[in-house]
Structure formats: structure tokens, C-alpha cells
Amino acid sequence: MPHALSNQAINRAKANMNHIYAEADPRAYFRELETVDYAIPDRAKPVFRALIGHLAESRGTPVHALDLGCSYGINAAILKHDLSMADLYRRYTDPALDDASSEEMIAADRAYFDGLPDAAPAEVIGLDPAEPAVAYAEQAGLIEQGLALNLEEEPLPDAAAAAMAPVDLVMSTGCVGYVGATSFDRLMPAVGEGDAPWLANFVLRMFPFDPIAETLEAHGYVTEKLDGARFVQRRFMSEEEQAGVVEKLEAQGVDPAGVETEGDLVAEFYLSRPCAEADRPVADLVAS
Ligand SMILES: C[S@@+](CC[C@H](N)C(=O)[O-])C[C@H]1O[C@@H](n2cnc3c(N)ncnc32)[C@H](O)[C@@H]1O
């Protein structure tokens with residue numbers, strides 16, 4: 001019989017990566033994640049770009065995006081500067097940079113990103129509890145504002161709430177599971193102060209999205225999953241991780257055969273929009 005599991009219980013099956021989330025620069029993050037081909041920001045890029053395009057058309061530019069679980073500003077780098085994960089892996093695993101201090105990395109990155117053309121009409125606020133990562137993203141010029149907050153554990157402070165009012169798009173990769181319905185419930189009144197944003201979440205199949213969708217429904221939103229689309233997030237770190245995740249999927253009635261059993265952690269895409277703006281099917285939106 002399928003049964004509900006808490007995100008904490010599901011997370012226990014996943015390799016713990018906390019040690020790379022809060023460094024003063026992204027080198028350890030990319031060194032470690034390259035070993036498992038972490039790729040979800042690349043896979044998300046065309047979807048986010050399409051949504052930014054639609055929002056730019058309907059609301060004007062710049063589109064204000066909030067990257068939940070922004071880490072070192074990776075989605076911002078990829079979207080704003082038309083980079084790929086391969087570009088970032090190359091940069092951050094370059095042996096020539098092994099001896100650079102974090103201050104030197106930040107200065108070099110600032111110059112590098114400032115020198116690249118703007119590829120998307122977007123400004124990004126980044127939110128993540130990992131204060132050093134958020135500080136890096138801000139200092140490297142990838143995000144316009146960083147908020148080192150954990151909305152699972154604390155309400156949104158007033159100053160942060162004020163900064164959220166212009167948000168048109170809330171996006172996330174690799175973050176749901178760390179965040180659940182509580183964070184969204186705390187976020188929605190603030191982001192809804194201006195034009196109500198769209199929420200675009202890439203979510204590993206082992207984390208149920210229903211509790212978040214129900215919370216968003218109470219805020220006047222409808223959620224649609226992009227049917228039939230699967231996005232590889234990364235390879236499993238070990239057979240033990242794979243076995244644990246397969247077990248959690250089966251316990252929840254999700255069939256891992258041919259997907260996670262093949263060796264990859266796989267995400268799906270959910271778009272949540274205010275009811276009045278949800279007429280066009282997601283597949284249609286992201287295809288254009
Ligand atoms: C797998 S990383 C994904 C980072 C980035 N979005 C990417 O795809 O490369 C997960 C991120 O979620 C962050 N995180 C953990 N707990 C969180 C919370 N309560 N709220 C927001 N982000 C959280 C971690 O600090 C980490 O930066």
C-alpha cells in the first residue's frame with residue numbers, strides 16, 4: 001500500500017551534500033557534482049527561458065525572478081549569461097584556479113560575468129539558507145539581491161517581504177524536498193503583493209508535490225505538471241543511494257522501473273499560476 005512519507009524521511013535516502021552547499025566559493029560544489037553529472041540547471045534552462053519570455057511579453061521587462069535554493073547563483077549564471085553546466089564545470093574545476101583564494105575567485109568571477117553579454121531580460125533575487133553561497137552569488141554579480149533565509153524554520157522578515165513584491169517568477173531546481181509547503185505558505189503573501197508570480201519548480205520524483213500544490217491552491221493558484229516530461233538531475237552517488245531512493249519511490253506508489261532503476265535521479269516540472277492566468281497548457285507555453 002502506498003503511504004505518505006515526510007520530506008525528512010525521503011531525504012535520508014539521498015546522499016548528504018550539505019558540506020558543499022556553504023563554501024565561500026563554488027569550486028567544491030562543482031568538483032563534487034561533476035562526478036555525478038549534476039545537470040538539472042541545464043535541463044531547466046529552456047523551460048525557464050520560455051517562461052521569462054512569456055512574462056516579459058505580458059508584464060514588461062525586466063522580469064523579476066526569485067531563485068529558491070539559489071546556492072551560488074547557478075540558475076542566474078546560466079540564464080542571464082547563456083552559459084551551460086559544462087561551461088561552469090570547466091571554469092570551477094580548472095587546476096589553474098586551485099590555489100586562488102575565495103576573494104580572488106570572487107573578483108575574477110565578477111569580472112568574468114560582467115564581461116559576458118546579458119542573455120535574458122531578468123533580474124534575480126536568490127534565497128538560500130547557505131549564507132556564504134548567497135554572499136558569493138551577490139558579490140560575483142549573479143544575483144541582484146541575496147537572502148540567507150530558511151523559510152522552513154522562520155517566517156519571512158519584513159525587509160525581505162518588501163523585496164519580494166515585484167517578483168514575477170519563482171523558480172527552483174534541486175530545492176523542493178529541502179523546502180516544502182511551509183516555505184511556500186510563508187512566501188506567497190509577500191510575492192503576491194505585486195502582480196502574482198508564476199511558480200516553476202523542478203522536483204525529484206521521490207518528493208510529492210501535492211502538499212505544495214494544495215498550499216498554493218489556498219492562495220488562488222492552480223498547478224499543472226508537464227505531462228510525460230522527465231528531466232535527469234544527476235546520476236546516483238552509489239548503489240546504496242539508488243537502492244534507498246528506489247525503496248522510497250515504491251513506498252509511495254511511484255514506479256521506478258526504467259527510470260531511477262537505470263541509474264539517474266529524475267525530476268518532473270510543475271508550473272503553478274494564478275487561476276486567472278492558467279488557461280494555456282504548460283506544454284504549449286514551454287514549447288514556444
Ligand atoms: C542541490 S542544491 C541546488 C542548488 C541550485 N538550485 C542548483 O540547482 O544548482 C540544493 C540547495 O537547496 C538549499 N536549501 C536547503 N534548505 C533550504 C531551504 N530551507 N530553503 C531554500 N533552500 C534550501 C541548499 O542550501 C542548496 O543550495
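This report describes helix packing and some backbone features in a predicted model.

In helix α6, which spans residues 85-92, the buried residues are M85, L88 and Y92. These residues lie on the same side of α6, because they cover an arc of only 65° around the axis. An α-helix has 3.6 residues a turn, so residues three or four places apart point the same way. The partners against which the buried residues of α6 pack are α3 (27-34), α4 (40-59) and α5 (74-80).

A second packing arrangement involves helix α10 (residues 181-191) and helix α11 (residues 210-218), whose axes are 9 Å apart and meet at an angle of about 20°. With angles under 35 degrees counted as roughly parallel, α10 is therefore roughly parallel to α11, and the crossing in which α10 passes α11 is right-handed. On the α10 side the contact is made by A181, F184 and D185, while α11 contributes P211, I212, T215 and L216. By character, the residues of this contact between α10 and α11 comprise five nonpolar, one polar and one charged.

The backbone also has features in its loops. A cis peptide bond, with omega about -5°, joins T61 and P62, and P62 belongs to the loop between α4 and β1 (63-68). Two residues other than glycine with positive phi are tabulated below.

| Residue | Phi | Loop | C-beta neighbours inside 10 Å |
|---|---|---|---|
| D37 | near 50° | between α3 and α4 | 14 neighbours |
| D82 | about 50° | between α5 and α6 | 15 neighbours |

D37 counts as partly exposed because of its 14 C-beta neighbours inside 10 Å, and D82, with 15 such neighbours, likewise counts as partly exposed.

Note on methods: Residues are numbered from 1 along each chain as its sequence is written. This is a predicted model: local features need pLDDT of at least 70, side-chain atom pairs count only at pLDDT 80 or more; totals for chains, interfaces and linings use all residues. A residue is buried if 20 or more other C-beta atoms lie within 10 Å of its own, exposed if 12 or fewer, and partly exposed in between; C-beta atoms are placed from the backbone. Helices (H or I, at least four residues) and strands (E, at least two) are DSSP runs, numbered from the N terminus. The arc is that of the directions from the helix axis to the C-beta atoms. Two residues are in contact if their C-beta atoms, placed from the backbone, lie within 7 Å. Axes are lines fitted to C-alpha atoms, for helices over the stretch in contact, and angles run from 0 to 180 degrees between N-to-C directions. Angles under 35 degrees count as roughly parallel, over 145 as roughly antiparallel, 65 to 115 as roughly perpendicular and the rest as oblique. A crossing is left-handed if the near helix is turned anticlockwise from the far one by less than a right angle, and right-handed if clockwise. Ala, Val, Leu, Ile, Met, Phe, Trp, Tyr, Cys and Pro count as nonpolar, Asp, Glu, Lys and Arg as charged, and the others, Gly among them, as polar.
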